[in-house]
Amino acid sequence: MSTAVDAMSRVGVLSGAEGGVREAGAEERLRRRFETEALPHLRSLYGTAYRMTRNAHDAEDLVQETLLRAFRAFDGYAPGTNIRAWLYTILHRVSTDAFRKKTRSPKTVDLPEHGPARPPEQEALFQGGEEIERALSALPEAFRTAVVLRDVQDFTYDEIARIVDVPIGTVMSRIHRGRALLRQALEAMRPVDRRRARLEEVM
Amino acid sequence: VSCNPEQVTGFVDGALDAPAAEAVQGHLSACAVCRGQAAAERSLRARLLELEAPWPGEALRGRIRAALAAEPHPLDEPSIPAPWLLALAAGAGLIGALTLRAQVRTH
């Protein structure tokens, strides 16, 4: 039997204690490619994960699971194609299957008038734009996702349709509805005197 | 042409085909309400594009790198099915045995 094992290691069939099969150097090449092509998107993926889950802990889990899944599937990713859209497709899939149950909770439907929809300490994560972030986090999930992908991440309708796996018409309708709700929420957050000034302008 | 607010959104995003875009354009020149919507959506979009991504700190990048390093690589999975491995092992054994016999004969 030792002869057989010797022969197998000579033709490169055995590598390492687990006895897996691989081509020498290919693993390192793929790891390096993942590092240079996928990891630079971590920050934007996290931003989107945070806006989807509305809490830092779930966002970290979501983004980590997304990158692990992407890494496992990276062999099948065609180099030079749209890696950003590919990563976001995985992010969306992970968030809809594994995280849906976890993130669905009554605390996430707070209205802007009732204060922030996330715990106060999370505010520190934002560099600015608290008002708009608060309004965004109060949007229903499907509209929020569409608006974040379009207006924060600047994806095209075509890309969003593929990421979320819905027809383009649905993408347009969700973006439309999401923006309308967002404008309403922002209007409601305006200081009263500014609203009164506008009212006086009109009258 | 009557108002179609969804189409106005598509127009703002440059997502309509040429005939639809032309129709919205024509409508906008005649409808102040839809012009207002288009302007409001453009300025909202500009604000959203400027938003800074929330970021918990570089420790997250380190944790993810560690998780990736611990992940067995996709190429590590045995891609040759088990029966193949057995056949290969048997073949190698046969070659080994033949070599041994050949060596014995020469001696």
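**Figure 1. Asp165(A), the residue that follows helix α9(A) in this predicted model.** The phi angle of Asp165(A) is positive, near 65°. Helices are DSSP runs of H or I with at least four residues, strands are runs of E with at least two, and both are numbered from the N terminus. Residues are numbered from 1 along each chain as its sequence is written, chains are lettered from A and ligands numbered from 1 in the order in which they are written, and side-chain values use heavy atoms, leaving out hydrogens and water. Local features need a pLDDT of at least 70 and side-chain atom pairs count only at pLDDT 80 or more, whereas totals for chains, interfaces and linings use all residues.

**Figure 2. The surroundings of helix α9(A).** Six of the eight residues of α9(A) are buried (under 20% relative accessible area with a 1.4 Å probe, protein chains only; exposed is over 50%, partly exposed in between). They are Tyr157(A), Glu159(A), Ile160(A), Ala161(A), Ile163(A) and Val164(A). Their cover includes α5 (83-97), α8 (141-152) and α10 (168-189) of chain A, together with α1 (5-12) of chain B.

**Figure 3. The largest nonpolar core.** Such a core is a set of buried Ala, Val, Leu, Ile, Met, Phe, Trp, Tyr and Cys residues joined through side-chain atoms within 4.5 Å. This one holds 53 residues, and those with the most contacts inside it are Phe34(A), Tyr46(A), Val63(A), Leu67(A) and Ile64(B). Helix α4 (residues 56-73) of chain A supplies the largest share, eight residues. Beyond its neighbours within four places in sequence, Val63(A) is in contact (heavy atoms within 4.5 Å) with Leu42(A), Leu45(A), Tyr46(A), Ala49(A), Leu60(B) and Ile64(B).

**Figure 4. A second, separate core.** This core comprises 15 residues, among them Leu136(A), Val148(A), Leu181(A) and Leu51(B).

**Figure 5. Confidence along chain A.** The mean pLDDT (the predictor's confidence in each residue, from 0 to 100) of chain A is 80, and 67% of the residues score at least 70. Helix α9 (residues 157-164) of chain A has the highest mean, 98, while helix α1 (residues 2-10) of chain A has the lowest, 44. Over residues 1-20 of chain A the pLDDT stays under 50, and the model has 21 contacts beyond four places in sequence for them. Residues 106-124 of chain A are also below 50, with 25 contacts beyond near neighbours in sequence. Where pLDDT is low, the predicted coordinates should not be read in detail.
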